[in-house]
Amino acid sequence: MKLYYAPETCSLAPHIVLLELDLPFERVRVDNRSKLTEHGEDFLHINPKGYVAALQLDNGEVLTEGAVILQFLADLKPTAGLAPANGSWQRVRLQEWLNFLGSEIHGTMGPLFNAAIAEDVKAIFRARLFQRFALLENTLARQDHLLESGFSVADAYLFTVMRWNRFFAIDLAPWPALARFMERVGERPSVKAALEIESAGLTQP
Ligand SMILES: N[C@@H](CCC(=O)N[C@@H](CS)C(=O)NCC(=O)O)C(=O)O
């Protein structure tokens with residue numbers, strides 16, 4: 001398998017999960033501006049959507065959309081428990097979180113990255129985001145992870161998107177359970193390794 005990634009983007013979540021699962025894979029760094037891979041390939045030929053993450057399977061198929069990639073990976077090693085079994089009610093709850101993170105958190109943060117969007121418009125998105133943080137805070141004040149059963153692929157995704165707060169000068173002090181979640185997940189060896197590798201621009205550990 002090949003993970004097409006760009007440092008500090010949403011591809012960090014499948015990167016963490018691949019390391020959690022201890023699966024063999026190759027990393028291919030993508031320059032999101034030039035749309036070239038580190039090997040000089042046109043990334044648009046690999047993923048015409050032009051964004052990371054993309055996962056190329058050994059049969060050549062390319063899978064995109066983070067929430068789907070995460071579940072696909074978790075299902076490769078069900079014993080690791082990173083996703084409840086397909087068909088179970090808990091799996092539906094996991095999908096509910098993944099969709100919430102994709103649309104309400106990741107999707108709402110998107111405009112904050114956009115230099116063409118005026119600050120007063122960004123303030124609307126920030127307010128919306130803070131309402132969503134309150135929902136996350138309620139859950140994480142009760143339990144350590146989004147699913148009661150423990151660390152799952154949804155936590156890898158939440159950790160990934162919440163790291164972007166520092167780009168927007170958002171301090172998590174009003175959401176202490178969320179802040180503790182970030183510390184807790186940040187201590188996982190898989191998370192530390194993924195961040196270290198991405199920041200060093202390495203292609204292999
Ligand atoms: N719907 C996609 C969105 C992926 C996405 O937003 N990727 C960003 C990085 S976090 C990206 O590569 N953007 C570059 C671009 O759109 O040109 C998913 O959920 O995986």
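**Entry 1: Glu 61**

I looked up Glu 61 and placed it in the loop between β4 (54-56) and β5 (62-64). The model I am reading is predicted. Is Glu 61 buried or exposed? I counted 8 other C-beta atoms within 10 Å of Glu 61, and a residue with 12 or fewer counts as exposed, so Glu 61 is exposed. I then took the C-alpha to C-alpha distance from Glu 61 to Leu 101 and found 25 Å, for a sequence separation of 40 residues.

**Entry 2: the annotated domain**

I consulted the UniProt record, an unreviewed entry, which annotates residues 1-81 as "domain: GST N-terminal". In the model, helix makes up 31% of that span and strand 22%. The C-alpha atoms at the two ends of residues 1-81 are 21 Å apart.

**Entry 3: the ligand shell**

Which residues are around the ligand? I listed Ala 6, Thr 9, Cys 10, Asn 32, Gly 50, Tyr 51, Val 52, Ala 53, Glu 65, Gly 66 and Gly 102. Sorted by class, this shell holds five nonpolar residues, five polar residues and one charged residue.

**Entry 4: helices α5 and α7**

I examined the packing of α5 (residues 119-142) against α7 (residues 176-186) and noted an angle of about 70 degrees, with the axes 7 Å apart. Angles of 65 to 115 degrees count as roughly perpendicular, and α5 and α7 are therefore roughly perpendicular to each other. On the α5 side, the contact is made by Phe 133, Leu 136, Glu 137, Leu 140 and Ala 141; α7 contributes Ala 177, Leu 178 and Phe 181. I recorded seven nonpolar residues, one charged residue and no polar residues in this contact.

Conventions:
Residues are numbered from 1 along each chain as its sequence is written. This is a predicted model: local features need pLDDT of at least 70, side-chain atom pairs count only at pLDDT 80 or more; totals for chains, interfaces and linings use all residues. A residue is near a molecule or strand if its C-beta atom, placed from the backbone, lies within 6 Å of it. Ala, Val, Leu, Ile, Met, Phe, Trp, Tyr, Cys and Pro count as nonpolar, Asp, Glu, Lys and Arg as charged, and the others, Gly among them, as polar. UniProt positions are given in the numbering used here, feature names are shortened, and annotations may be inferred rather than shown by experiment. Helices (H or I, at least four residues) and strands (E, at least two) are DSSP runs, numbered from the N terminus. Axes are lines fitted to C-alpha atoms, for helices over the stretch in contact, and angles run from 0 to 180 degrees between N-to-C directions. Angles under 35 degrees count as roughly parallel, over 145 as roughly antiparallel, 65 to 115 as roughly perpendicular and the rest as oblique. Two residues are in contact if their C-beta atoms, placed from the backbone, lie within 7 Å. A residue is buried if 20 or more other C-beta atoms lie within 10 Å of its own, exposed if 12 or fewer, and partly exposed in between; C-beta atoms are placed from the backbone.
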